[in-house]
Amino acid sequence: MNLRDVYIAEVTSRIPESMREDVALELESTIDDMTGDDPSEKALLEALRQLGDPNILAARYANRPLHLIGPALFPGYVSILKTVLPIAITLSIILATIAYLADANVESSWVQFIVQGLVQISSAIFEVVIQTFFWITLVFFIIERASPEGDVPLSKWSPEKLKNVKPRTKFIPLSSIVFDFVMVVVLMMLYVNTDQWIRLSIDGETFPLINPEILDRFFPFVIALAVFDIGIGVYKWVARYWTKPLALWNVALNVLWIGVTALILLQPELISSEALALLAERTSVALTTLTQWGVWSIVLTVVVVCLIDLIEGCYKAFRP
């Protein structure tokens, strides 16, 4: 791939997909007009220098304000918001509903019950949306301003930098890295607060569905896994491209996730015996079969997600 194609790829990768083909054709025509049919490297570099930093040019094509978050990080910022917000809102709805049902006044009318529930859930959604916007914006704000000199998106650019650009197929989006960090925090919060957030409500009383003693037993392993995960995330942030060593470390991380998750979920005493006894008194469903089905469904989901992640990393790292 010559410098012209690398420059065009650097511009088009930062604009909406619907615009990429037209912008690529326009840039090809513009560069050819500036350099002629058979340009020398000197002429090509001069043309690219006149066109300027691909980050800034992409921002002009996108025609959107990129002031608080610079043009190099803004697409990733939007992408991570689109990814995290639905997850955060869904979790807030689930947790707010559980909390409301656990503390609801059973003597109130149905209208009061529903209205109070909607108010509490709406409040939780509003709070999580504000918190999500604030923290993600703060993270991107710090990342951009903490970048080493020469890597700052709006710093002086020269076309010679294109010679060091690696294939975009191996690139690790910043949004993916931030998403991994967010998910580690969310999962750790869920693990630590499981006995408070996942509870069974019967006759006005609530009971933990998961046996906290089992979770306490594996807490050191979970902390170590979270630290390892964050370490891999930092490695990805520094490298920004898939390499063979990074892919192999990522394989180890995903295998550990599968192992630790299965080890915890397949513990015979994971589901609280008190909760099972209370449920058995009020239902004729085969609870043992139901809980086993639920646990194995979660394990299978984790296995599939981890396999997809490690296969993707290896494919991008080891492909030519």
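**A walk through a helical protein, starting from Ala-247**

Ala-247 is buried, with a relative accessible area of 0%. That makes this alanine a good place to start a tour of what is, we should say at once, a predicted model. Ala-247 sits in helix H11. Setting aside neighbours up to four places away in sequence, Ala-247 is in contact with Trp-242, Gly-313, Cys-314, Ala-317 and Phe-318. If you would like a distance to check on screen, the C-alpha atoms of Ala-247 and Ile-232 are 9.9 Å apart, while the two residues are separated by 15 positions in sequence.

Let us step back for the overall picture. The protein has 13 helices and two strands. Of its 320 residues, 35% count as buried. Among the contacts with a sequence separation of 6 or more, 76% join residues that lie 24 or more positions apart.

Now to the interior. The largest nonpolar core contains 26 residues, and those with the most contacts inside it are Tyr-191, Val-222, Trp-242, Ile-264 and Leu-270. At least two residues of this core come from each of H7, helix H9 (212-217), H10, helix H11 (244-265) and helix H13 (287-318). Which helix gives the most to this core? H11 does, with seven residues. For a closer look, pick Leu-270, one of the residues with the most contacts in the core. Beyond its neighbours up to four places away in sequence, Leu-270 touches Leu-209, Ile-210, Asn-211, Ile-214, Ile-264 and Leu-265. There is also a second, separate core of 15 residues, which includes Tyr-7, Val-11, Ala-24 and Leu-57.

Two of the residues just named, Tyr-7 and Val-11, bring us to helix H1, where both are buried. Eight of the 10 residues of H1 (residues 3-12) are buried, so this helix is largely enclosed by the rest of the structure. The buried set consists of Leu-3, Arg-4, Val-6, Tyr-7, Ile-8, Glu-10, Val-11 and Thr-12, so you will find charged side chains as well as nonpolar ones in that list. What do the buried residues of H1 pack against? Their partners are helix H2 (17-35), helix H3 (41-51) and helix H4 (54-62).

Moving along the chain, we can pause at Thr-132 in helix H6 (residues 110-145). This threonine has a relative accessibility of 10% and therefore counts as buried. Val-84, Leu-85 and Ala-88 are the residues that Thr-132 touches, once those up to four places away in sequence are left out.

Next comes a helix pair. Two packed helices are described by the angle between their axes and the distance between the axes. For helix H7 (residues 174-192) and helix H10 (residues 219-239), the angle is about 170° and the axes are 9 Å apart. That makes H7 roughly antiparallel to H10, because angles over 145 degrees fall in that class. On the H7 side, the contact is made by Leu-174, Ile-177, Asp-180, Phe-181, Val-184, Met-188, Tyr-191 and Val-192. Facing them in H10 are Phe-219, Val-222, Ile-223, Ala-226, Asp-229, Ile-230, Gly-233, Val-234, Lys-236 and Trp-237. Sorted by class, this contact has 14 nonpolar, one polar and three charged residues.

Aromatic rings offer another way to trace how the chain comes together. The count of aromatic pairs is five. In one of them, the rings of Phe-171 and Tyr-241 have their centres 5.3 Å apart and their planes at 65°, so the pair is edge-to-face. Phe-171 lies in the loop between H6 and H7, and Tyr-241 in the loop between H10 and H11, so this pair ties together parts that are 70 residues apart in sequence. Tyr-241 is buried, with a relative accessible area of 14%. Another edge-to-face pair joins Phe-228 and Trp-249, whose ring centres are 6.1 Å apart and whose planes stand at 80°. Phe-228 belongs to helix H10 and Trp-249 to helix H11, so here the parts tied together are 21 residues apart in sequence. Phe-228 counts as partly exposed at 23% relative accessibility, and Trp-249 is partly exposed too, at 47%.

One backbone detail rounds off the tour. Arg-240 is found in the loop between H10 and H11, the loop that also holds Tyr-241. Phi of Arg-240 is near 65°, a positive value in a residue other than glycine.

Technical notes: Residues are numbered from 1 along each chain as its sequence is written. Side-chain values use heavy atoms; hydrogens and water are left out. Axes are lines fitted to C-alpha atoms, for helices over the stretch in contact, and angles run from 0 to 180 degrees between N-to-C directions. Helices (H or I, at least four residues) and strands (E, at least two) are DSSP runs, numbered from the N terminus. Angles under 35 degrees count as roughly parallel, over 145 as roughly antiparallel, 65 to 115 as roughly perpendicular and the rest as oblique. Contact means heavy atoms within 4.5 Å. Buried means under 20% relative accessible area, exposed over 50%, partly exposed in between (1.4 Å probe, protein chains only). A nonpolar core is a set of buried Ala, Val, Leu, Ile, Met, Phe, Trp, Tyr and Cys residues joined through side-chain atoms within 4.5 Å. Rings of Phe, Tyr and Trp (its six-membered ring) pair if their centres lie within 6.5 Å; planes under 30 degrees apart count as stacked, over 60 as edge-to-face and the rest as tilted.
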